Structure formats: C-alpha cells, structure tokens
Amino acid sequence: MGNIGSFFKNVVSEMRKVSWPKRKELTRYTIVVLSTVIFMALFFALIDTVISELFRWFLAL
C-alpha cells in the first residue's frame with residue numbers, strides 16, 4: 001500500500017512541474033490542428049473520388 005501512496009505523491013509532484021499552455025497558445029494550436037484535419041480530409045476525399053472515377057472509367061471499357 002505504501003508503494004501506491006508514493007506513486008501518487010510522485011504523480012502530483014510531476015504534475016506541478018508541467019508547463020501548461022496559455023489560453024492564446026492553446027487557441028492557436030487548436031486552430032492549426034482543426035485546419036490541418038479539414039485540409040487532409042478534403043485532400044483524401046478528392047484523391048478517393050479521382051481514383052474511384054478512374055476505376056469506373058477503366059471498368060466501363
């Protein structure tokens with residue numbers, strides 16, 4: 001039981017050392033992540049559509 005208590009003391013100690021992002025940084029990071037996800041989703045949707053159309057054209061020959 002002593003090991004578990006020691007473990008949680010160490011967890012609390014380490015969490016106090018963490019450098020948490022400020023609100024402005026967090027907002028900026030969130031915007032970057034969301035815009036990247038949206039861009040990648042649109043990119044792969046476009047690639048998927050193009051490849052699907054090529055297969056349909058090839059199979060229609």
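This is a guided tour of the chain, stop by stop.

**Before you start**

The model is predicted: local features need pLDDT of at least 70, side-chain atom pairs count only at pLDDT 80 or more, and totals for chains, interfaces and linings use all residues. Residues are numbered from 1 along each chain as its sequence is written, and side-chain values use heavy atoms, with hydrogens and water left out.

**Stop 1: the whole chain**

Show the C-alpha trace. Along its principal axes it spans about 75 × 35 × 10 Å. The radius of gyration of the chain is 24 Å, whereas a compact globule of 61 residues would have one near 10 Å. That radius is taken over C-alpha atoms, and the globule rule is 2.2 Å times the number of residues to the power 0.38.

Now colour by secondary structure. The chain has two helices and zero strands. Both element types are DSSP runs, numbered from the N terminus: helices are H or I with at least four residues, strands are E with at least two.

Switch on the surface. The chain exposes about 6,200 Å², and carbon and sulfur atoms supply 72% of that area. Accessible areas come from the Shrake-Rupley method with a 1.4 Å probe; for residues, only the protein chains shown count as cover. How many of the 61 residues count as buried? The share is 0%. Buried means under 20% relative accessible area, exposed means over 50%, and partly exposed lies in between (1.4 Å probe, protein chains only).

**Stop 2: helix α1**

Select residues 2-17, which make up helix α1. Then add the side chains of Ile4, Phe7, Phe8, Val11, Met15, Val18 and Trp20. They make a nonpolar surface patch of about 690 Å². Patches take residues with over 30% relative accessible area and no salt bridge; like charges are joined within 9 Å, nonpolar side chains (Val, Leu, Ile, Met, Phe, Trp, Tyr) within 5 Å. Pick Val11 from this group: it sits in helix α1. Val11 counts as partly exposed because its relative accessibility is 32%.

Next, pick Glu14 and Lys17. Their side chains form a salt bridge, with the closest N and O atoms 3.3 Å apart. The term means a side-chain nitrogen of Lys or Arg within 4 Å of a carboxyl oxygen of Asp or Glu. The two residues are three apart in helix α1, so about one helical turn separates them. Lys17 is exposed at 59% relative accessibility, while Glu14 is partly exposed at 46%.

**Stop 3: aromatic rings**

Show the aromatic side chains. How many aromatic pairs does the whole structure hold? The search finds three. In helix α1's neighbourhood of the patch, zoom to Phe7 and Phe8: this pair is edge-to-face, at 5.2 Å centre to centre and 70 degrees between the planes. Rings of Phe, Tyr and Trp (its six-membered ring) pair if their centres lie within 6.5 Å; planes under 30 degrees apart are stacked, over 60 edge-to-face, and the rest tilted. Phe7 is partly exposed, at 48% relative accessibility.

Move to Phe39 and Phe43. Their ring centres are 6.4 Å apart and their planes meet at 20 degrees, so this pair is stacked. Both residues lie in helix α2, four residues apart, about one turn of the helix. Phe39 is exposed, with a relative accessible area of 54%. Phe43 is partly exposed, at 38%. Add Phe44 to the selection: Phe39, Phe43 and Phe44 form one aromatic cluster.

**Stop 4: residues 26-47**

Select this span. UniProt, in an unreviewed entry, lists residues 26-47 as "transmembrane region". UniProt positions follow the numbering used here, feature names are shortened, and annotations may be inferred rather than shown by experiment. In the model the span is 100% helix and 0% strand, with its end C-alpha atoms 31 Å apart.

**Stop 5: further along helix α2**

Pick Val50, which is found in helix α2. Val50 is partly exposed, with a relative accessible area of 43%. Draw a distance from its C-alpha atom to that of Leu61. The two residues are eleven apart along the chain, and the separation is 17 Å.

Finish with Glu53 and Arg56. Their side chains meet in a salt bridge, 2.8 Å from N to O. Both lie in helix α2 (residues 23-60), three residues apart, about one turn of the helix. Glu53 is partly exposed at 43%, and Arg56 is exposed at 54%. The structure holds two salt bridges.
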